[in-house]
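Please report on selected backbone features of this model. Cover strand pairing, peptide geometry and phi angles.

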2 protein chains.
Amino acid sequence: MSRWRCPASILVLSALTGGSAAAQDRVTPAMRAEMESLVGAALTSSRAPEILRGLTDSVGPRLAGSAGDRAAVAWGVATLRALGFSNVRAEKVLVPVWRRISESASMTAPVRQLFAVAALGGSVSTPDEGITAEVVEADSLAAVDALGERARGKIVFIWKKTERRRDGGGYGETVPIRHGGAARAAKFGALAVLIRSVGTDDNRLPHTGAMDYDAKTPKIPAAALSTPDADLLHRALAEGRPVTVTLKIKTETGPDAESANVIGEIPGREKPDEIVLVGGHLDSWDLGTGAVDDGAGCSISIEAARLIGALPQRPRRTIRVVLFANEENGLRGGRGYAVDHASELSKHVAAIEADAGGDRATGYSWNAAPAAGAFMKEMEAFLAGIGADRFVKGGSGGADISPLLASGIPLLGLRNDSSRYFDVHHTANDTYDKVDPVQLNQATAAMVAMTYALAEAAEPLPRIPESDRTRRRPE
Amino acid sequence: MSRWRCPASILVLSALTGGSAAAQDRVTPAMRAEMESLVGAALTSSRAPEILRGLTDSVGPRLAGSAGDRAAVAWGVATLRALGFSNVRAEKVLVPVWRRISESASMTAPVRQLFAVAALGGSVSTPDEGITAEVVEADSLAAVDALGERARGKIVFIWKKTERRRDGGGYGETVPIRHGGAARAAKFGALAVLIRSVGTDDNRLPHTGAMDYDAKTPKIPAAALSTPDADLLHRALAEGRPVTVTLKIKTETGPDAESANVIGEIPGREKPDEIVLVGGHLDSWDLGTGAVDDGAGCSISIEAARLIGALPQRPRRTIRVVLFANEENGLRGGRGYAVDHASELSKHVAAIEADAGGDRATGYSWNAAPAAGAFMKEMEAFLAGIGADRFVKGGSGGADISPLLASGIPLLGLRNDSSRYFDVHHTANDTYDKVDPVQLNQATAAMVAMTYALAEAAEPLPRIPESDRTRRRPE
């Protein structure tokens, strides 16, 4: 649909559509020229890998409320200042505190095998001596219900493989097991829950992640086995002999702690009160150094804004980078932002989240009034050359910006190739070396073009209609 | 060089060479027909994956002298009996005992980062409070020498990447660092040694393996960091600021324990006293379940012999499967076999070791008198169809059979595609799921053909000349 693809038909279309051609023409030649130069800069002189390295190497793991989290906030403020951002500040957010102390699991019958295990985030402890019980298996939450009384006094093991897909869709199918397994099994008197890690790798590195208890059922310990260990347990159970497992988990929770959303701005030249928000989340799980989740998104966001700030002429609107607190186990940063900035949300013209890793961008999800489709078509055409032209309509952009949905702010989510993402996501393997700088730069290029276009376009995108201001999955 | 490749030239060659054609003709049409059916059986109805699963799932880790090692010997005897082998026995071997109790390492300055670390096999403990010291880096043993007095009172960190190669050659270049690093650094008063794992992966799973102390220098603790952790430490040191690490290792050694070489036979129909030995090693490192190292070699050897034993007519000579004890940290099994069987080594017509993983066979190393070359050419041609025709002359077949070199027994080593082998070798990731059954069956096919041919050929291979009966690397 872009001019260079089919110039004749576009010329005809322009003649036919008359007035509405203006709407399709949001991306002016001057904007396109600037976007081209920004893409070139992102691909050749990006500091995104260096920013990512700073966060992962010098801060490391940073679960909400931990010492690492506080170090990350300090790093964020110092980094944004050093890179020349304006109005840099840390906006206080209270976050929940949960801490992993120790964990172990082993099969004790019919043979002894030591498992690689990780408590799920929020899990309670086992007694000090652990829980030793026979294991019963299910392959879904519905199958846990079907176990019924057979779960009583047992360890319920939920075994389901997570499919590898470029769009990451396999995660959506198995993550409900992680969130809801414990509450479901507790209903029938299970003593603990083990799940096959929600991941696509075959490493003996378990995947942690958030889980939820239900006020109506007892809180029972919940942990993930690495995929090879889960598959071993699955094979042992398939033989039909009784299988016994010992699980020991020690965790603690504390009172809410202080954390912060870290913010910096590139003030707009004409409409500094109008804001294009771009960001990721600063917190990470505790096992790795949070490179793909979400150091990548933070570095992409920071670098995209920095590149725009370095232009001879800044765009019309302000670009606000927000590094959100506590996405992983509370969403307090995203929720707090929506509350704290309620009075200026009407001036937010768009929000983009980058929280799908550091591999190459494949496009965007977008949610705005249907009339924004013309602008999106233009951007698809522009981004086709770097392979980032798979746009899907719908969704809420990302967890941190989802609380903005209710105010109708157009929400975009950077989409990355997620084929490798769930290999390392929420594991000890989520480290700096897993991010390919070439792909990270391409993702930054996709981000910088969109951010600039939204900040420079003559008119803001039409806001999400009232009827669409509730969460749903992208189409 | 085979008939079907260039029939005309071979016919001419046969006519011209007269008597020597018999030597080239060791693989008779009848043998070839039997080998073809054995290859077919190995590829379609192999029990190698099932045997491997039995060892890894039901025994698991089995470092020499451990409870797992004893369970492995029992498994080996039971398995060979169940599969119908004759003369099944466990031949006692005394093995050294070393045990990992606990280990941890972290960077403590300029920032704190927790490392994934594993004590090298044989390492002494640190004091209970650990060793905390500044780190100095070297990239080779020679570079450790060059550090000289700068190593005194420090932790010496040897950082060198292991190259991924199909022939596994990268390992040979870096493994001397694992073996000799501690002794070298101790010479200059270093307190401990850390190495970058000798591995080709990027997982936070360190690679253990044997190391050697020198009687002339103090025994200092030695451990491997996972490759991502080693690279993080390397980057931190590259910044030029002082870097401090705390290392805690607790290990113990005990008196020699009883283990065994497990043996079973397929008796020959004509010359039962002549032996073709085929085997791998039964012990494994302690971190994983020893699937690629060397459960794969054991299962390939057992299944190759079992398939031959199931033929309507057994070959002339006896096939003896030997599952060697203690390859990893002592070679007591291989050495013990050579001593215990000294009186019948003259009746060993060949020995083949499988200890290069479970991926597809690429060929063989072979060491015998040069006249064996004609037979090897025939076998290369036969195995070309399954891609196992890369034969190299030289070497000693494998560690366990290398003590047989002095007696001149023709020695062969099954060569596998080692591209993936050093990703998991000696790590917690060495588990059943890492072996691809299709490739394991192909390797079994390559093994069964060679084993049968050696056991059935009219004449044994000419033995290794006296001048070649010392160890050297394959050509």
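This report takes the strand pairing first, then the backbone geometry. The model is predicted.

**Strand S12 of chain B**

S12(B) spans residues 361-367 and is mostly covered. Seven of its seven residues are buried. Two partner strands are described here.

One partner is S14(B), residues 411-416. S12(B) and S14(B) run antiparallel and share six bridges. Within this pairing, Ser365(B) sits opposite Gly413(B).

The other partner is S13(B), residues 392-393. Here the sense is parallel, and two bridges link the strands. Trp366(B) of S12(B) faces Lys393(B) of S13(B). How does the chain get from S12(B) to S13(B), and what is the hand of the crossover? The path goes through helix H11(B), residues 373-383. This β-α-β crossover is right-handed.

**Cis peptide bonds**

Most peptide bonds are trans. Which residues does a cis peptide bond join in chain A? They are Asp293(A) and Asp294(A), with omega at about 0 degrees. Asp294(A) belongs to helix H9(A), residues 291-309.

Chain B has a cis bond between Asp293(B) and Asp294(B). Its omega is about 0 degrees. Asp294(B) is part of helix H9(B), residues 291-309.

**Positive phi angles**

Most residues other than glycine have a negative phi. The table lists two asparagines with a positive value.

| Residue | Phi | Location | C-beta neighbours within 10 Å |
|---|---|---|---|
| Asn87(A) | about 50 degrees | strand S1(A), residues 86-109 | 12 |
| Asn326(B) | about 55 degrees | loop between S10(B) and H10(B) | 28 |

Is Asn87(A) buried or exposed? Asn87(A) counts as exposed, because it has 12 C-beta neighbours inside 10 Å and the cut-off for exposed is 12 or fewer. Its positive phi of about 50 degrees falls in a strand, S1(A).

Asn326(B) is buried, because 28 other C-beta atoms lie within 10 Å and the cut-off for buried is 20 or more. Asn326(B) lies in a loop of chain B. That loop runs between strand S10(B), residues 317-324, and helix H10(B), residues 332-340.

**In brief**

S12(B) pairs antiparallel with S14(B) and parallel with S13(B). Cis bonds join Asp293 and Asp294 in chain A and in chain B. Asn87(A) has a positive phi and is not a glycine. Asn326(B) also has a positive phi without being a glycine.

Note on methods:
Residues are numbered from 1 along each chain as its sequence is written. Chains are lettered from A and ligands numbered from 1 in the order in which they are written. This is a predicted model: local features need pLDDT of at least 70, side-chain atom pairs count only at pLDDT 80 or more; totals for chains, interfaces and linings use all residues. Helices (H or I, at least four residues) and strands (E, at least two) are DSSP runs, numbered from the N terminus. Two strands pair if DSSP finds at least two bridges between them. A crossover is right-handed if, with the strands pointing away from the viewer, the path from the first strand over the helix to the second runs clockwise.
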